[in-house]
Number of protein chains: 2
Amino acid sequence: MFSKACEYGIKAAIFIASNSFENRRVSPKEISEEIDSPQAFTAKILQALVKNNIVKSVRGAYGGFEIDKDKIATTKLAQIVYAIDGDGIYKGCGLGLHTCDENHPCPVHDKFKVIRDELQDMLGNTSLEQLALDIKSGVSFLKV
Amino acid sequence: MFSKACEYGIKAAIFIASNSFENRRVSPKEISEEIDSPQAFTAKILQALVKNNIVKSVRGAYGGFEIDKDKIATTKLAQIVYAIDGDGIYKGCGLGLHTCDENHPCPVHDKFKVIRDELQDMLGNTSLEQLALDIKSGVSFLKV
DNA sequence: TATAAATAAGATAAATTTATCCGAAATAAA
DNA sequence: TTTATTTCGGATAAATTTATCTTATTTATA
Ligand code: FES
Ligand code: FES
């Protein structure tokens with residue numbers, strides 16, 4: 001469904017958010033350990049999230065990654081997915097036609113659209129805050 | 001969502017089915033032209049569909065690919081997807097945890113499950129026949 | 001039985017995604 | 001200002017997916 005890069009990006013953002021609740025910055029090392037991902041690759045993905053203004057990085061000693069508290073509440077899963085995987089998952093044709101077009105539909109268009117729109121709604125309505133709170137309270141998990 | 005191989009496989013099966021309605025066998029060359037896919041790669045995927053008993057191949061002169069008419073009606077999209085991409089799309093965790101487990105859920109599990117199950121239902125309920133008939137009647141398209 | 005036409009199968013190559021490595025740049029504190 | 005710590009950025013490598021090519025094998029027909 002999502003690329004590995006996107007999976008790591010989502011999990012990293014959730015982990016950073018759950019630590020930012022307590023004003024703790026976290027390093028790529030700690031992140032990759034907690035979400036069980038390759039460290040250097042994860043660092044690359046973090047850079048993309050920084051560029052897209054989803055997480056904030058602080059360089060130098062005592063630095064690390066954090067997310068402003070108000071941003072945790074307003075950031076939606078959709079923004080993270082878009083930053084890493086783009087909008088192909090929403091807009092692209094399920095069978096790979098050049099464009100998904102109502103007027104020139106592929107055989108699965110109608111049925112696909114329903115599911116794709118639902119996925120888009122879900123990603124657009126799910127905030128980082130909800131997900132991070134579930135991690136903090138031990139309801140959900142980031143690895144294994 | 002699906003791999004390229006799977007996209008080609010679905011479109012190939014639909015094209016073969018739509019020709020089998022008229023007892024016409026088709027070649028990998030014709031298939032790849034009609035679904036706009038690389039010929040040799042498509043041929044490989046056809047072999048997988050043959051092994052999984054989804055399409056029938058007839059070797060030698062006047063051979064080609066076909067699907068028995070009764071099978072066109074009973075074959076579901078799910079079988080094609082399973083033959084090529086496996087069941088990861090239904091059963092795997094959306095965030096890449098080793099297993100999707102209700103008792104050890106990832107942060108998006110609940111919301112993901114809804115969509116995943118709907119996708120599974122859709123693929124399980126959509127027959128090759130419906131899709132092939134839409135191609136024949138010009139309601140939907142396999143390329144561009 | 002010989003020939004031509006067709007799929008099957010295996011080896012190889014190209015492209016993309018995933019992953020690693022290393023030096024540069026920035027920052028806080030001593 | 002020096003040093004230690006940390007992210008940033010570019011180059012490289014490994015793995016996977018996608019794609020091609022070449023040779024076998026099968027089969028209908030002449
Ligand atoms: S045209 Fe294929 S999903 Fe819309
Ligand atoms: S555990 Fe991640 S989708 Fe179920």
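## Notebook: folds, helix crossings and salt bridges

I started with chain A, whose secondary structure comes to eight helices and two strands (DSSP runs numbered from the N terminus, helices being H or I of at least four residues and strands E of at least two). Before going on, I noted that this is a predicted model, where local features need pLDDT of at least 70, side-chain atom pairs count only at pLDDT 80 or more, and totals for chains, interfaces and linings use all residues. Residues are numbered from 1 along each chain as its sequence is written, chains are lettered from A and ligands numbered from 1 in the order in which they are written, and side-chain values use heavy atoms, with hydrogens and water left out.

**Chain A overall**

Along the sequence I read the pattern α-α-α-β-β-α-α-α-α-α for chain A. Its C-alpha atoms fill a box of roughly 55 × 30 × 30 Å along the principal axes. I looked up burial next: 45% of the 144 residues of chain A count as buried (buried is under 20% relative accessible area, exposed over 50%, partly exposed in between, with a 1.4 Å probe and protein chains only). I also checked contacts (heavy atoms within 4.5 Å). Among those in chain A between residues at least 6 apart in sequence, 64% join residues at least 24 apart.

**Helix crossings**

For packed helices I wrote down the angle between the axes and the distance between them, as these describe the pair. The axes are lines fitted to C-alpha atoms, for helices over the stretch in contact, and angles run from 0 to 180 degrees between N-to-C directions.

In chain A, I took helix 1 (residues 4–20) and helix 2 (residues 28–35), which pack at about 110° with their axes 10 Å apart. The two are therefore roughly perpendicular (65 to 115 degrees; under 35 is roughly parallel, over 145 roughly antiparallel, and the rest oblique). Their crossing is right-handed (the near helix is turned clockwise from the far one by less than a right angle; anticlockwise would be left-handed). Helix 1 of chain A brings Tyr8(A), Lys11(A), Ala12(A), Phe15(A) and Ile16(A) to the contact, and helix 2 of chain A brings Glu30(A), Ile31(A), Glu34(A) and Ile35(A). I get six nonpolar, no polar and three charged residues there (Ala, Val, Leu, Ile, Met, Phe, Trp, Tyr, Cys and Pro are nonpolar, Asp, Glu, Lys and Arg charged, and the others, Gly among them, polar).

Over in chain B, I looked at helix 1 (residues 4–20) against helix 5 (residues 77–85): the axes come within 9 Å and cross at roughly 140°. That makes the pair oblique, and the crossing is right-handed. On the helix 1 side of chain B I list Ala5(B), Cys6(B), Gly9(B), Ile10(B) and Ala13(B), and on the helix 5 side Leu77(B), Ile80(B), Val81(B), Ile84(B) and Asp85(B). The residues of this contact divide into eight nonpolar, one polar and one charged.

**Salt bridges**

How many salt bridges are there over all chains? My search of the whole structure found 19 (a side-chain nitrogen of Lys or Arg within 4 Å of a carboxyl oxygen of Asp or Glu).

In chain A, Asp117(A) bridges to Lys113(A), with the closest N and O atoms 3.0 Å apart. The two sit four residues apart in helix 7 (residues 109–125) of chain A, so about one helical turn separates them. Asp117(A) is partly exposed at 27%, and Lys113(A) is partly exposed at 24%.

I then checked Lys113(B) and Asp117(B), which form a salt bridge at 3.1 Å. Both lie in helix 7 (residues 109–125) of chain B, four residues apart. Lys113(B) is partly exposed at 26%, as is Asp117(B) at 28%.

Asp87(B) and Lys91(B) also meet in a salt bridge, 3.6 Å from N to O. Here Asp87(B) is partly exposed at 27%, while Lys91(B) is exposed at 57%. I noted a network too: salt bridges link Arg25(A), Lys56(A), Glu66(A) and Asp68(A).

**Single residues in chain B**

Is His109(B) buried or exposed? I find it buried, at 4% relative accessible area. His109(B) is in helix 7 of chain B and, neighbours within four places in sequence aside, is in contact with Cys100(B) and Glu102(B).

Finally, I looked up two asparagines with positive phi. Asn23(B) has a phi of about 55°, lies in the loop between helix 1 and helix 2 (28–35) of chain B, and is exposed at 62%. Asn53(B) has a phi of about 65°, lies in the loop between helix 3 (39–51) and strand 1 (56–58) of chain B, and is exposed at 52%.
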